[in-house]
Amino acid sequence: MSTSETPEPTQQLYAAREPVFPRRVRGNFRALKWWIMALTLGVYYLTPWIRWDRGPNLPDQAVLVDLANRRFFFFWIEIWPHEFYFIAGLLIMAGLGLFLFTSALGRVWCGYACPQTVWTDLFVLTERWIEGDRNARVRLWKAKWDARKWRLRLSKWFVWLMIGLATGGAWIFYFTDAPTLLVDLVTLNAHPVAYTTMGILTFTTFFFGGIAREQICIYACPWPRIQAAMMDEDTVVVAYREWRGEPRGKHRKGPEADKLGDCIDCMACVNVCPVGIDIRDGQQLECITCALCIDACNEIMDKVGKPRGLIDYMALKDEEHERAGGHKRSLMKHIMRPRVLLYTFLWAAIGVGLTVALFVRPDLQITVRPERNPTFVTLSDGSVRNTYEVGVRNKHGESRPFYVSVGVDSPFEVAVEGTDERVVVVPADTENKVRVYVTSAPGSEESLRDRTDIRIWVVDGVTGDRAFHDTVFNGRGQ
Amino acid sequence: MSDKKQEVETTGHVWDEDLKEFNNPLPRWWLWTFYATIIWGIGYTIAYPAWPLVERATGGLLGYSTRLEVAEEINRFEDMNAEVRAELASLDAADIPNNEAAYSYAIQSGRATFATYCSQCHGSGANGIEEGNGYPNLLDDDWLWGGDLASIVTTVTHGIRNEDDPDARYSEMPAFGDDYLEDAEITDVVAYVGSLSGQSFDGDVAAGETVFADNCSSCHMEDGSGDREQGAPNLTDAIWLYGGSQEQIESSVRVGPYGVMPNWNTRLDDAEIKAVAAYVHQLGGGE
């Protein structure tokens with residue numbers, strides 16, 4: 001290494017945050033983002049309040065993560081812990097879906113649907129209502145802490161706190177009966193965990209949406225780094241048509257006006273940017289592709305009578321192509337490429353697999369665990385008995401009897417511990433494990449043999465559904 | 001796409017003529033967060049057990065230890081179970097299975113009690129240590145002193161043939177080999193006893209029957225079916241506490257087995273005794 005010049009003493013390795021004051025903007029993408037915000041927030045806040053009748057013994061909340069009883073309810077679907085692969089499958093689909101969208105449309109998740117973006121948008125909206133638009137906010141930021149500034153700041157923080165509280169509050173409703181919990185919360189009877197969770201989420205919402213904002217995307221979130229690996233020159237991103245815009249310049253009537261490009265350097269694209277970058281500098285890791293600069297620039301282009309699309313959604317390939325005089329290629333041409341198709345295929349395959357698994361999963365599920373300590377017991381009349389722990393899952397809303405057998409014409413006697421009948425009564429929505437005794441007659445072939453294959457059957461006493469489990473019967477081995 | 005990107009400040013370091021090191025400054029809040037974690041770390045080692053010393057680690061100002069936490073947890077569960085334990089202790093043995101909460105608790109806690117105190121002799125599977133070794137298999141339907149809940153509770157409470165509890169179950173089989181019987185008589189009576197369960201050994205069964213009637217039937221009954229009042233085993237079934245071969249039966253007749261079991265009333269409380277009895281009772285042999 002050679003040091004050709006020494007670092008300047010003023011050089012800083014750490015930088016203070018540059019505050020960002022996004023200006024209000026109108027346009028197609030802004031409108032789309034409002035709709036997506038309304039939809040996602042609506043789904044988030046309202047879902048716990050949807051009711052779904054499942055009968056007297058089961059909760060009537062449509063979407064409920066019942067951690068205490070280890071059940072997940074989603075409308076007509078009920079997931080038990082042993083079916084957790086459905087959740088795992090959905091998470092894998094979410095991951096692959098993100099890969100798919102990123103490779104096709106860039107950081108579209110970041111720009112439109114990420115909670116950080118949606119809530120920050122909401123916080124900026126309230127900020128604008130209370131403190132005014134960009135210029136007013138910049139002035140207020142620079143102003144002394146007088147009564148007016150305090151009043152505006154405090155009312156803004158109060159509204160943010162309320163949003164945070166509602167956000168944290170809505171979260172906990174997913175985990176227990178919402179109406180009951182609301183009453184408990186208000187009357188201060190709810191569990192401390194509920195208040196703690198609410199408190200933590202209120203704080204994180206307030207802090208992430210109100211204070212940290214773009215710092216989360218730039219420094220805290222791992223997704224921007226990972227997503228870059230899925231993007232290539234065909235990925236559609238937000239970009240600036242440099243060949244059209246440059247050289248930029250404000251003085252449209254001066255002697256040099258003819259040499260200027262379409263960009264009038266009005267800074268509209270910079271002023272609306274929620275992460276505080278200049279899209280004209282090219283692709284940057286900070287850009288979340290929210291497309292607000294497109295709206296802002298289009299508004300200006302309309303005013304100055306130039307064609308729209310100086311800043312636009314396009315692929316990096318397009319930029320070179322257009323610079324050489326070609327036309328922008330259609331979206332489909334960019335999207336239809338192997339990696340996008342592969343992601344689509346994988347995503348759809350898992351989706352189809354999960355759906356099929358959901359519909360073919362058996363209604364009646366049993367487990368059979370042969371007792372190995374000891375493998376068999378000799379009874380006083382010389383008969384040989386094996387013990388099996390049989391678990392029966394009753395996934396229905398009422399208590400049901402289930403009958404245990406080892407099949408017709410079997411040489412074995414079957415008994416359930418503690419009963420004279422071969423029946424297991426399982427309460428609603430639970431699993432019951434019982435000891436089942438299978439006995440072979442004194443001197444019978446099965447009692448003397450080393451082992452005999454047997455099949456334990458369980459029959460639902462109401463529907464007649466049957467399930468079996470193959471296991472072995474251990475004889476004396478003589 | 002841009003041939004005049006925004007100028008990025010460099011640190012001034014240059015390698016291989018033109019390789020420059022950019023200076024993209026970290027956010028200052030990150031630096032403060034880093035300092036905050038250091039301060040937090042120092043505070044943590046003061047508050048919690050941390051620094052290893054010669055004998056042991058520093059204890060921490062908060063007095064926290066995982067052992068204390070376990071002890072607290074155990075106490076908490078003991079408190080939670082206090083009510084059901086009291087209920088279990090107050091129940092008549094035969095009524096335990098009718099009380100759902102008490103019965104469920106009894107089986108679960110009885111399993112642990114059994115593993116701790118009983119498995120050394122009766123085996124972790126409750127099937128005795130080895131067949132014919134004198135430790136009864138508790139899974140089968142053969143009981144020396146009775147297999148209903150009340151009998152099991154009594155056996156566990158007072159034990160068998162121990163000297164610590166005057167209420168211990170007691171009986172004694174003489175060592176017939178010492179003075180009582182001639183060798184030939186022993187061979188005959190063993191042949192007879194074997195015949196009761198369908199086995200044929202060397203010896204005169206008819207003569208053995210007479211020996212049996214004179215010497216054994218007072219405890220084992222005339223038909224050899226045993227007597228639970230005296231803990232005398234049933235000799236007609238397929239289960240042999242000390243083994244059912246000719247040699248093993250002969251050995252039993254000569255020596256006179258004397259199996260003992262401690263009284264547990266000094267070590268287990270009422271609820272624990274009832275719990276372990278209920279657990280044993282539901283293993284398959286309970287009457």
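Reader: In this predicted model, how do strand β2 and strand β3 of chain A pair?

Author: The general idea concerns the geometry of a strand. In a regular strand the side chains alternate between the two faces of the sheet. In the present case, strand β2 (residues 63-66) of chain A and strand β3 (residues 71-74) of chain A run antiparallel, with four bridges between them. Within this pairing, L64(A) has F73(A) of β3(A) as its bridge partner.

Reader: Which residue takes a positive phi in the hairpin of β2(A) and β3(A)?

Author: That residue is R70(A), with a phi near 55°, in a hairpin that has four residues between the strands.

Reader: Which sense of pairing joins β3(A) to strand β4 of chain A, parallel or antiparallel?

Author: Strand β4 (residues 77-79) of chain A is antiparallel to β3(A), and three bridges join the two. F73(A), the bridge partner of L64(A), stands opposite E78(A) in β4(A). The hairpin of β3(A) and β4(A) has two residues between the strands, and F75(A) takes a positive phi near 50° there.

Reader: Turning to chain A as a whole, what does its secondary structure come to, and what does its radius of gyration indicate?

Author: Chain A holds 17 helices and 15 strands. Its radius of gyration is 33 Å, whereas the globule rule gives 23 Å for 478 residues; chain A is therefore more spread out than a compact globule. The C-alpha trace spans about 115 × 60 × 50 Å along the principal axes of chain A. Of the 478 residues, 28% count as buried. Among contacts in chain A between residues at least 6 apart in sequence, those joining residues at least 24 apart make up 67%.

Reader: Which domains does the assignment give for chain A, and how many residues of each are in contact?

Author: The assignment gives domain 1 (14-361) and domain 2 (365-474) of chain A. The C-alpha centres of these two domains are separated by 56 Å. Contact between them involves six residues of domain 1 of chain A and five residues of domain 2 of chain A. On the side of domain 1 of chain A that touches domain 2 of chain A, two residues are nonpolar, two polar and two charged.

Reader: How should one describe the interface between the chains, and how many residues of chain A are in contact with chain B?

Author: The size of an interface is often given as the accessible area lost when the parts come together. Here the description is by residue contacts: 35 residues of chain A are in contact with 32 residues of chain B. Elements that each supply at least two residues of the chain A side include α9 (214-220), α14 (316-323), β9 (384-394) and β13 (430-440) of chain A. By class, the chain A side divides into twelve nonpolar, 14 polar and nine charged residues.

Reader: Which strand of chain B pairs with β1(A)?

Author: The partner is strand β3 (residues 26-27) of chain B, and the two strands pair in the parallel sense over two bridges. Y14(A) has L26(B) in β3(B) as its bridge partner.

Reader: Where does UniProt place features on chain B?

Author: The unreviewed UniProt entry lists a "transmembrane region" at residues 29-51 of chain B. In the model, that span is 83% helix and 0% strand, with its end C-alpha atoms 30 Å apart. UniProt, again in an unreviewed entry, places "domain: Cytochrome c" at residues 105-197 and 203-284 of chain B. Residues 105-197 of chain B are 45% helix and 0% strand, and the end C-alpha atoms lie 40 Å apart. For residues 203-284 of chain B, the values are 45% helix and 0% strand, with 37 Å between the end C-alpha atoms.

Reader: What does the domain assignment give for chain B?

Author: The assignment gives domain 1 (11-47), domain 2 (76-158 + 263-281) and domain 3 (183-255) of chain B. The C-alpha centres of domain 2 and domain 3 of chain B are 31 Å apart. Nine residues from domain 2 of chain B and eleven residues from domain 3 of chain B take part in their contact. The domain 2 side comprises four nonpolar, three polar and two charged residues.

Reader: Finally, where does D141(B) lie, and which residues does D141(B) contact?

Author: D141(B) lies in the loop between α3 (100-122) and α4 (149-158) of chain B. Because D141(B) has 18 C-beta neighbours inside 10 Å, it counts as partly exposed. Beyond its neighbours within four places in sequence, D141(B) is in contact with L379(A), S380(A) and G285(B). D141(B) and I239(B) are 98 residues apart in sequence, with 9.4 Å between their C-alpha atoms.

Terms used: Residues are numbered from 1 along each chain as its sequence is written. Chains are lettered from A and ligands numbered from 1 in the order in which they are written. This is a predicted model: local features need pLDDT of at least 70, side-chain atom pairs count only at pLDDT 80 or more; totals for chains, interfaces and linings use all residues. UniProt positions are given in the numbering used here, feature names are shortened, and annotations may be inferred rather than shown by experiment. The radius of gyration is taken over C-alpha atoms; the globule rule is 2.2 Å times the number of residues to the power 0.38. A residue is buried if 20 or more other C-beta atoms lie within 10 Å of its own, exposed if 12 or fewer, and partly exposed in between; C-beta atoms are placed from the backbone. Two residues are in contact if their C-beta atoms, placed from the backbone, lie within 7 Å. Two strands pair if DSSP finds at least two bridges between them. Domain bounds come from an automatic or database domain assignment. Ala, Val, Leu, Ile, Met, Phe, Trp, Tyr, Cys and Pro count as nonpolar, Asp, Glu, Lys and Arg as charged, and the others, Gly among them, as polar.
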